[in-house]
Amino acid sequence: MQTPVISMANLSVAFFGRTVLNGIDLEIPGNSITIIIGPSGSGKTTLLRAVNRLNEEFAGCSSSGTIWIEVSGTMADIYADLHLSKLRRVAGMVFQSPNVFPLSIRKNLLAPLKVMHSLSRSQRHERMEQALKEAELWDEVRDRLDDSALTLSGGQQQRLCLARALALSPRILLLDEPTASLDVRSAAKIEELLMKLKERYTILAVSHSIRQVKHIADRAVILSAGQMIKTLERRELETPGLLEGLVDEIF
Ligand SMILES: Nc1ncnc2c1ncn2[C@@H]1O[C@H](COP(=O)(O)OP(=O)(O)OP(=O)(O)O)[C@@H](O)[C@H]1O
Ligand SMILES: [Mg+2]
């Protein structure tokens, strides 16, 4: 495998002493889509949240093991080598249901950009436009940037959340069931978008859809009860019935 962008070694996470991820070793290469699939409660969201250290925001969480991510050509330990705010910029996250701020579309993008003190006001506006274009939302919102983000459709809100992550120039996108709350058409639009975005980013996503995994994943990671059961590469995902068989066994 090429040099990984995310590398996890013996990662375990517990909440109030109950283990929910147990000894995960995983390497994720760049410019690809890796999708985690597994039953409800198997630890998928927890695994994503480990990468940007979001688990520790919850009471009762303890974790062990190491995660490195590639930043500017070197592997950085997410605990020892990276400031939390930098880590959260480098590893942007989009949640299952779009969590837009109850502010204008414009402010949804500009507010997080304020943390980047080196950017001038006009540079922040440029970033906003660029991120909305990258998330393929610009044409739909350019004439209504001062409308509330809550007036957007579910699919548009999800693309706004993606734009918000993209505006901070991430290296990694952590996407927790990004199409789960969307209709078939909006979901297809996001899938096509992710296929383009992987040219520039490393995508680690969670999905419940076998169809989606087969359609867009370069690699599937199967989790069950906090353990990594199997990793399937693209070639194996194309083998008829292989993924379906494993999923039938586990679910
Ligand atoms: N903040 C928390 N406090 C206590 N337990 C938690 C917390 N977050 C997750 N857990 C527990 O960890 C386990 C894994 O949860 P997680 O959300 O990672 O599952 P999941 O695979 O994403 O499930 P789903 O498909 O339903 O989203 C579950 O048993 C859950 O109850
Ligand atoms: Mg989840």
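A pocket here is an open set of points on a 1 Å grid over the protein atoms alone, with protein on both sides within 12 Å along at least five of seven lines, and its lining residues have an atom within 4 Å of a point. A cavity, on that grid, is a set of points where a 1.4 Å probe fits but cannot get out. Grid points are joined across faces, edges and corners, and a volume is the space filled by probe spheres set on the points.

This is a predicted model, in which local features need pLDDT of at least 70 and side-chain atom pairs count only at pLDDT 80 or more, while totals for chains, interfaces and linings use all residues. Residues are numbered from 1 along each chain as its sequence is written, chains are lettered from A and ligands numbered from 1 in the order in which they are written, and side-chain values use heavy atoms, with hydrogens and water left out.

I will start with the second largest pocket. Its volume is about 150 Å³. The lining consists of Glu 70, Val 71, Ser 72, Lys 86, Arg 89, Val 90, Leu 168, Ser 169, Pro 170 and Arg 171. Strand 4 (61-71) and helix 2 each give two or more of these residues; helices (H or I, at least four residues) and strands (E, at least two) are DSSP runs, numbered from the N terminus. Which element gives the most to this lining? Helix 2 does, with three residues. By class the lining holds four nonpolar, two polar and four charged residues. For the classes, Ala, Val, Leu, Ile, Met, Phe, Trp, Tyr, Cys and Pro count as nonpolar, Asp, Glu, Lys and Arg as charged, and the others, Gly among them, as polar.

Val 71 and Ser 72 of that lining also appear in a hairpin. Strand 4 pairs with strand 5 (residues 74-77) in the antiparallel sense over four bridges, where pairing takes at least two DSSP bridges between the strands. Val 71 has Thr 74 in strand 5 as its bridge partner. Two residues lie between the strands of the hairpin, and Ser 72 in the turn has a positive phi of about 50°.

Next, the largest pocket. Its volume is about 410 Å³. Of its 17 lining residues, Arg 88, Gly 92, Met 93, Pro 112 and Leu 168 are the closest to the centre. Helix 2 (84-90), strand 6 (91-94) and helix 6 each give two or more residues to the lining. That lining divides into ten nonpolar, four polar and three charged residues. Leu 168 is in this group closest to the centre, and Leu 168 also lines the second largest pocket.

Now the cavities. How many are there of 30 Å³ or more? The count is two. The largest has a volume of about 40 Å³, and Val 94, Gln 158, Leu 162, Leu 175, Pro 178, Ile 190 and Leu 194 line it. Helix 6 (154-167) and helix 7 (184-197) each supply at least two of those residues. Six of the lining residues are nonpolar, one is polar and none is charged.

The second largest cavity holds about 30 Å³ of space. Around this space are Ile 35, Pro 178, Leu 194, Ala 205, Val 206, Ser 207, Gln 212 and Ile 216. Strand 8 (202-206) and helix 8 (210-216) each supply at least two of them. The lining has six nonpolar and two polar residues, with no charged ones. Pro 178 and Leu 194 line both cavities.

Last, the ligand. Ligand 1 is surrounded by 15 residues (a heavy atom within 4 Å), and the closest are Arg 18, Ser 40, Gly 41, Lys 44 and Thr 46. By class, this shell has four nonpolar, seven polar and four charged residues. Strand 2 (18-29) and helix 1 (44-51) each supply at least two of them, and helix 1 provides the largest share, four residues.

Three polar contacts (pairs of N or O atoms within 3.5 Å) can be listed by distance to an oxygen atom of ligand 1. The side chain of Ser 40 is at 2.6 Å, that of Thr 45 at 2.8 Å and that of His 208 at 3.0 Å. Taken alone, ligand 1 exposes 630 Å², of which the protein buries 71%; these areas come from the Shrake-Rupley method with a 1.4 Å probe.

Key: A polar contact is a pair of N or O atoms within 3.5 Å; within protein, one must be able to donate a hydrogen and the other to accept it, and residues adjacent in sequence count only if both atoms are side-chain atoms.
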